[in-house]
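Thank you all for coming. Before I say anything, please take a moment to look at the model for yourselves.

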Amino acid sequence: MTNRYETVFILTPVLSEEQAKETVAKFKSLLKDGGAKMHHEEDWGLRKLAYPIQKKSTGFYHLVEFEAEGSLIADMELAFRRDERVIRFLTVRMDKHAIEYAEKRRSNKSKEKANA
């Protein structure tokens with residue numbers, strides 16, 4: 001049974017923009033190879049952390065929303081733990097309310113961009 005998930009992961013700020021993009025591409029290909037269906041992704045860029053992690057105060061944030069089997073989540077999180085470029089990650093299974101909220105948030109953002 002597939003579920004919809006949202007994962008936010010933070011990459012170390014010592015990476016260049018290109019290295020950060022390569023790392024994101026690696027995790028996206030891991031998801032696609034595992035049979036996940038990508039719904040949405042957002043690159044939030046370099047942001048300040050709420051608290052220092054490994055003596056770093058900033059990190060590259062990235063969000064991916066996808067549909068996959070639950071077993072793929074364990075594989076993905078193992079890959080996050082093994083990769084020293086990832087300093088934090090969080091995966092959440094989305095219920096129908098979360099999916100509705102995410103779609104509404106995206107449509108509001110696209111309307112704001114159209115009006116700007």
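I will go through the helices in turn, then the pair that packs together, and finish with a loop and two single residues.

One caution belongs at the start: what you have on the screen is a predicted model, and the values I give are computed from it.

Let me begin with helix H1, which runs over residues 17-33. At 1.5 Å a residue, its 17 residues should span 24 Å, and the end C-alpha atoms are in fact 24 Å apart, so the expected and the computed span agree. If you look for the buried residues of H1, you will find Ala-20, Thr-23, Val-24, Phe-27 and Leu-31. Seen down the axis of H1, these buried residues fall within an arc of 95°, and they therefore line one face of the helix. On the other side of H1, by contrast, Glu-18, Lys-21 and Asp-33 are exposed.

What covers the buried residues of H1? The elements in contact with them include strand S1 (2-11), strand S2 (37-53) and strand S3 (56-69), together with helix H2 (70-82) and strand S4 (86-94). Just after H1 comes Gly-35, and this glycine takes a positive phi of about 95°.

Now to helix H2, where the same kind of reasoning can be followed. Its 13 residues should span 18 Å at 1.5 Å a residue, and its end C-alpha atoms lie 19 Å apart, which agrees. The buried residues of H2 are Leu-72, Ile-73, Met-76, Glu-77, Ala-79 and Phe-80. They cover an arc of only 155° around the axis, which puts them on the same side of H2. Exposed on the other side of H2 are Ser-71, Arg-81 and Arg-82, while the buried residues of H2 pack against S1, H1, S3 and S4.

That brings me to the pair formed by these helices. How are H1 and H2 oriented relative to each other, parallel or antiparallel? Their axes are 10 Å apart and the helices pack at an angle of about 160°; an angle over 145 degrees counts as roughly antiparallel, and H1 and H2 are therefore roughly antiparallel to each other. The crossing in which H1 passes H2 is right-handed. As for the side chains and backbones that meet there, Phe-27, Leu-30 and Leu-31 in H1 are in contact with Leu-72, Met-76, Ala-79 and Phe-80 in H2. You will recognise Phe-27 and Leu-31 from the buried residues of H1, and Leu-72, Met-76, Ala-79 and Phe-80 from those of H2.

Helix H3 covers residues 96-115, and its 20 residues reach 29 Å from the first C-alpha to the last, close to the 28 Å expected at 1.5 Å a residue. Which residues of H3 are buried? They are Ile-99, Ala-102 and Arg-106. Because they cover an arc of only 65° around the axis, they sit on the same side of H3. The face turned away from that buried side carries exposed residues, among them His-97, Glu-100, Tyr-101 and Lys-104, and also Lys-111, Glu-112 and Asn-115. Among the elements that cover the buried residues of H3 are S1, S2, S3 and S4.

Next, please turn to the loop between S2 and S3, where Gln-54 lies and where Lys-55 also has its place. Phi of Gln-54 is near 50°, a positive value in a residue other than glycine, and phi of Lys-55, again a residue other than glycine, is positive as well, near 60°. Are these residues buried or exposed? Since exposed means over 50% relative accessible area, Gln-54 counts as exposed at 51%, and Lys-55 is exposed with a value of 83%.

Finally, two residues at which distances along the chain and in space can be set side by side. Lys-96, which lies in helix H3, is exposed, with a relative accessible area of 63%. Lys-96 and Arg-4 are 92 residues apart along the chain, and their C-alpha atoms are separated by 9.2 Å. Ser-71, whose place is in helix H2, is likewise exposed, with a relative accessible area of 55%. Between Ser-71 and Arg-93, which are 22 residues apart along the chain, the C-alpha separation is 13 Å.

Conventions. Residues numbered from 1 in each chain as written. Predicted model: local features only at pLDDT ≥ 70, side-chain atom pairs only at ≥ 80, totals over all residues. Heavy atoms only, no water. Helix = DSSP H or I, 4+ residues; strand = E, 2+ residues; numbered from the N terminus. Expected span 1.5 Å × (residues − 1). Buried < 20%, exposed > 50% of the residue type's maximum accessible area, 1.4 Å probe, protein only. Arc of directions from axis to C-beta. Contact = heavy atoms within 4.5 Å. Axes fitted to C-alpha atoms, helices over the stretch in contact; angles between N-to-C directions. Parallel < 35°, antiparallel > 145°, perpendicular 65-115°, else oblique. Left-handed = near helix turned anticlockwise from the far one by under 90°.
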